[in-house]
Amino acid sequence: MAKEIDKFKKEIDPLMKGADKIVGDYARHQTNREHHKMMLLESAKEIGREVQKSKDNGVAGTELKDFLKEAGVLGVMKTVQNALGALNKEETLLHKMLGDGGKIVADLEKLGTKLDKEIDDRKKKKDRKLLAVDSKSLPDMEKLSAELWKNRQNLNDEVIMFEKSVPWAAKKERANFDKWVATEIGRTKSDRKGKDQSETDNRALDLRLVKKAVDLTKSNLNDGRTALAQAEKHFKNRELKEADQCIADAMKNLATIKKLHAPYAREVSKINSHDMKTMQGSKDGKYILTSVEQMGTVIEALTKLIKKTARASV
């Protein structure tokens, strides 16, 4: 009867692998579409800023179409078109995932029902001693059944049902973008300045801005290390005033890194478990989480180095 379980596994294993792949692909899809959505939001704000510049230069208008000839607006619109194109591709991928996923869920359910019936039939047999092979393979069948149903539930709950509960379409993001642009163009100059300042702390999921923050962190870390190395040389030469200035420079670098890190750390701390799992399942999401964590590590390392250098002067 061991061959019977092999027959089941031959049919079930490819389906479970397919289910796992779709769950992973869907997590990446969610991160990708969120990233492109954030690109559209940031682009809408940037268009608002460019429109304000055009207004300051005497260009009149109240809608996006009135400013499409402006170089600054045209430049941002290239990013918008790229993001919209990427979202259309994500929608195509989503439809394929949902179609393939629905079929896998149905196939797993059929095989699971068939496997569970086989398990029940074996348990009902009275003379288990004469059917020793049945008895030995039963635990393996029960284990396979548990894996199958868990696999099916993950795919159904995390992809099929979740997407049905919050259906997504690329055209919704385009409609949102149009609303965002209209709002940004309608802002006054003073309102825009205040809005930009208040939103400085709300950009942790923007990959482009995270990369920029990482580059600035690296630059300030290198400058801080260089300043502290110079401080040590000044201490050895009893040039205390110069050494203190170098330490002060390093502390400015540290303050800059803390300022770069703080808004992203706060935003990451707000991410719920579902969204965190989604981010961890994608390349961009992992980069963001890892980068924010590394920025925090840099702060700790540079702080210790500053303290060590300062103590050496005493």
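**Group meeting: a walk through an all-helix model**

Reading along the sequence, you get α-α-α-α-α-α-α-α-α. That is 9 helices and 0 strands. Keep in mind that this is a predicted model.

Overall shape next. The radius of gyration is 29 Å, whereas a compact globule of 314 residues would come in near 20 Å. Along the principal axes, the C-alpha trace spans about 95 × 65 × 25 Å. As for contacts, take those with a separation of 6 or more: 78% of them join residues 24 or more positions apart.

Now the surface. The protein exposes about 18,700 Å². Carbon and sulfur atoms supply 54% of that area. Of the 314 residues, 40% are buried.

Charges. I count 65 positive side chains and 51 negative ones. The centres of the two sets lie 2 Å apart.

On to the inside. In soluble globular proteins, nonpolar side chains tend to be buried together. Here, the largest nonpolar core has 42 residues. Which of them touch the most other members? Ile-12, Ile-47, Leu-155 and Phe-177 do. Four elements give two or more residues to this core: H1, helix H2 (71-124), helix H3 (132-165) and helix H4 (170-185). H2 gives the most, with 15 residues.

Zoom in on Ile-12. Set aside its neighbours within four places in sequence. Ile-12 is then in contact with Leu-108, Leu-111, Leu-115, Leu-144 and Leu-148. Every one of those partners is a leucine.

Two arginines to finish. Start with Arg-33, in helix H1, residues 2-56. Is Arg-33 buried or exposed? Its relative accessibility is 11%, so Arg-33 counts as buried, the cut-off being under 20%. What does Arg-33 touch, not counting residues up to four places away in sequence? The list is Tyr-26, Leu-87, Leu-94, Glu-163 and Trp-168. There is an acidic residue in that list, Glu-163.

Now Arg-238. Find it in the loop between helix H6 (207-236) and helix H7 (240-269). Look at the backbone there: Arg-238 has a positive phi of about 60 degrees, although it is not a glycine. Its side of the story on burial is the opposite of Arg-33: at 74% relative accessibility, Arg-238 counts as exposed, while Arg-33 counts as buried at 11%.

To recap, we have 9 helices and 0 strands, a core of 42 residues to which H2 gives the most, and two arginines, Arg-33 buried and Arg-238 exposed.

Notes. Residues numbered from 1 in each chain as written. Predicted model: local features only at pLDDT ≥ 70, side-chain atom pairs only at ≥ 80, totals over all residues. Heavy atoms only, no water. Rg over C-alpha atoms; globule rule 2.2 N^0.38 Å. Buried < 20%, exposed > 50% of the residue type's maximum accessible area, 1.4 Å probe, protein only. Contact = heavy atoms within 4.5 Å. Areas by Shrake-Rupley, 256 points an atom, 1.4 Å probe, with all protein chains shown as cover. Lys, Arg positive; Asp, Glu negative; His and termini not counted. Charge placed at Lys NZ, Arg CZ, Asp CG, Glu CD. Core = buried A, V, L, I, M, F, W, Y, C linked by side-chain atoms within 4.5 Å.
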